[in-house]
Structure formats: C-alpha cells, structure tokens
Amino acid sequence: SVSNDSKTVGAAQDAVTEKVNAITQALKDMGIEDRDIRTTDYSVYPKYTYEMVACTYSYCPPSKQIPDGYSVTHTISIKVRNTADAGQALSLAGANGASNISSLSFTIDDPDMLMTEARDEAVAEARTKAKTLAKSLGVRLGKVVDFSDNTYSPGPYPVMYREGVAMGMGGADSKAIDVPTGESKVTSNVTITYEIR
C-alpha cells in the first residue's frame, strides 16, 4: 500500500500514483509480469482535526471538527512466482515508497496435481497394508466395497507482516529481505474397505 495526505485530493492522488508507478516499474524490471500485479483497493477520504471549545459555566460543547485535507491509499497485490525473488520484491517495494507491506503468503499454483499424487500414494499404501493384514489373518482380499477420501491441501500460508516505517524500509540501498519459505504439505487420508474371502 502507498498512502499520502495532502490539502487536496488531486495532490494526494498525484503523490500516491508516482510512488505506485515507481514500485510497479521496479517489479516489472525484476521480471514480475503485468498479470501478477493488480489493484486490490483504492480509497480517498477526508481528514479532520478537532479543536476544543471552551466550556461555559453550565455547558461544555463538543470539540469542533475542522477539515484538514485528504488521505489517499492505493493497495496492490503482487504475485511472485519464483519464491527466491520474494525478498527482492519486498525490498524494492519498500525502497520505492511503499507505506505498508503485509500479508505475504505462499500458495501452490497447481494443487490438483499434488493432491492426485498424494491420493495415489495413499491408496497404494492402504492396499499394501490391507494385503499384509489379510496375510496375517489368513484371508484373501476381494473387491473394494467402500472408499472415502479426506485429501487436504492447505490454503495460502501467511509468514510475515511488515510495516514500512516501523521496519525501517525505504532506503535506496535496501538489501533483499531474507524470506524463509519452509514447506507446504498436501495430505491425503484414504479409507478403503475390502471384501474378504
């Protein structure tokens, strides 16, 4: 997000636009595609200050609201497909005027493929265990009579939150931020019921 306060809407918008354009251009220069940069919020609202009003002997009026310009905020969402570039993207955003950087999360582009792979492995493991158990019991497996699948794929995994000012971002010589990626797991739990003979 980029925010700016000014006496007029136009001046605040111009300042915000200049910074957002600088951020998006820097991200494009590092290889982020247009399809992976999108606006998620754009807001304009008036600002006020409050002036205390002197109390009389029997009455204290409420404070007086005085217009004090406008605040404009433009929020963009960036998708970094190569996780190794995430730290550089965060640094570029901060160095080019981002007021707030937050909600970093990791997602999987093609979860269906991983879920299918996990399910196949779970089914194979269940079949092996069933055969071993059948041998121990002295029976033979027949056809499958029931099957249930509880495959689980985690959603976006949030890992950090950074405030531009509080974290000291914004320097032109900002170093790439270290962003540990950890790992995301797709888990498949299957239950197979076999007929026995």
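What follows is a chat between two colleagues about a predicted model of one protein chain.

Biologist: What does the secondary structure of the chain come to, and in what pattern along the sequence?

Modeller: The secondary structure of this predicted chain comes to 3 helices and 7 strands, and if you read along the sequence they follow the pattern β-α-β-β-α-β-α-β-β-β. Buried residues make up 25% of the 197 residues in the chain, and the accessible surface comes to about 13200 Å², of which 51% belongs to carbon and sulfur atoms.

Biologist: Where is confidence lowest, and where is it highest?

Modeller: Confidence is lowest in strand S6, residues 157-163, where the mean is 44, and it is highest in helix H1, with a mean of 96. For the chain, the mean pLDDT is 84, and 87% of the residues reach 70 or more.

Biologist: And over which residues does pLDDT stay under 50?

Modeller: Over residues 158-173 pLDDT stays under 50, and for these residues the model has 33 contacts beyond four places in sequence. Where pLDDT is low, the predicted coordinates should not be read in detail.

Biologist: Changing topic, how many salt bridges are there?

Modeller: The count comes to 7 salt bridges. One of them joins the side chains of Asp-68 and Lys-7, at 2.8 Å from N to O.

Biologist: Why does that pair tie together parts that are apart in sequence?

Modeller: Asp-68 lies in strand S3 (residues 64-78), whereas Lys-7 lies in the loop between strand S1 (2-6) and helix H1 (9-29), so the pair ties together parts that are 61 residues apart in sequence. Asp-68 is partly exposed, with a relative accessible area of 25%, while Lys-7 is exposed, at 60%.

Biologist: What about Lys-28, which residue does it form a salt bridge with?

Modeller: Lys-28 forms a salt bridge with Asp-34, and the closest N and O atoms of the two are 3.0 Å apart. Lys-28 counts as partly exposed, at 37% relative accessibility, and Asp-34 is exposed, with a relative accessible area of 54%.

Biologist: Then there is Asp-36: which side chain does it meet in a salt bridge?

Modeller: The side chain of Asp-36 meets that of Arg-81, at 2.8 Å from N to O. Arg-81 is in the loop between S3 and helix H2 (86-95) and Asp-36 is in the loop between H1 and S2, so this salt bridge ties together parts that are 45 residues apart in sequence.

Biologist: Is Asp-36 buried or exposed?

Modeller: Asp-36 is buried, with a relative accessible area of 7%, whereas its partner Arg-81 counts as partly exposed, at 40% relative accessibility.

Biologist: Let's move to helix H3, what span should it have, and how far apart are its end C-alpha atoms?

Modeller: Helix H3 covers residues 111-137, and at 1.5 Å a residue its 27 residues should span 39 Å; the end C-alpha atoms are 38 Å apart, which agrees. Just after the helix comes Gly-138, whose phi is positive, near 75°.

Biologist: Which residues of H3 are buried, and what covers them?

Modeller: The buried residues of H3 are Met-115, Ala-118, Ala-122, Val-123, Ala-126, Ala-130 and Ala-134, and what covers them includes strand S5 (141-149) and strand S7 (190-196). An α-helix has 3.6 residues a turn, so residues three or four places apart point the same way.

Biologist: What is Ala-86 in contact with, leaving aside its neighbours within four places in sequence?

Modeller: Leaving those neighbours aside, Ala-86 is in contact with Val-80 and Val-179. Ala-86 lies in helix H2 and is buried, with a relative accessible area of 6%. Ala-86 and Val-179 are 93 residues apart in sequence, but 6.8 Å apart in space, C-alpha to C-alpha.

Biologist: And Thr-75, is that one buried or exposed?

Modeller: Thr-75 is buried, with a relative accessible area of 18%, and its place is in strand S3. Beyond its neighbours within four places in sequence, Thr-75 is in contact with Ser-1, Arg-38, Thr-39, Thr-40 and Asp-41.

Biologist: Last one, which residues make the nonpolar surface patch?

Modeller: Tyr-42, Val-44 and Tyr-70 make that patch, which is about 250 Å². Tyr-42 lies in strand S2, residues 37-51, and is partly exposed, with a relative accessible area of 37%.

Definitions and conventions
Residues numbered from 1 in each chain as written. Predicted model: local features only at pLDDT ≥ 70, side-chain atom pairs only at ≥ 80, totals over all residues. Heavy atoms only, no water. Patch = residues over 30% accessible without salt bridge, like charges linked within 9 Å, V, L, I, M, F, W, Y side chains within 5 Å. Areas by Shrake-Rupley, 256 points an atom, 1.4 Å probe, with all protein chains shown as cover. Salt bridge = Lys/Arg side-chain N within 4 Å of Asp/Glu carboxyl O. Helix = DSSP H or I, 4+ residues; strand = E, 2+ residues; numbered from the N terminus. Buried < 20%, exposed > 50% of the residue type's maximum accessible area, 1.4 Å probe, protein only. pLDDT = per-residue confidence, 0-100. Contact = heavy atoms within 4.5 Å. Expected span 1.5 Å × (residues − 1).
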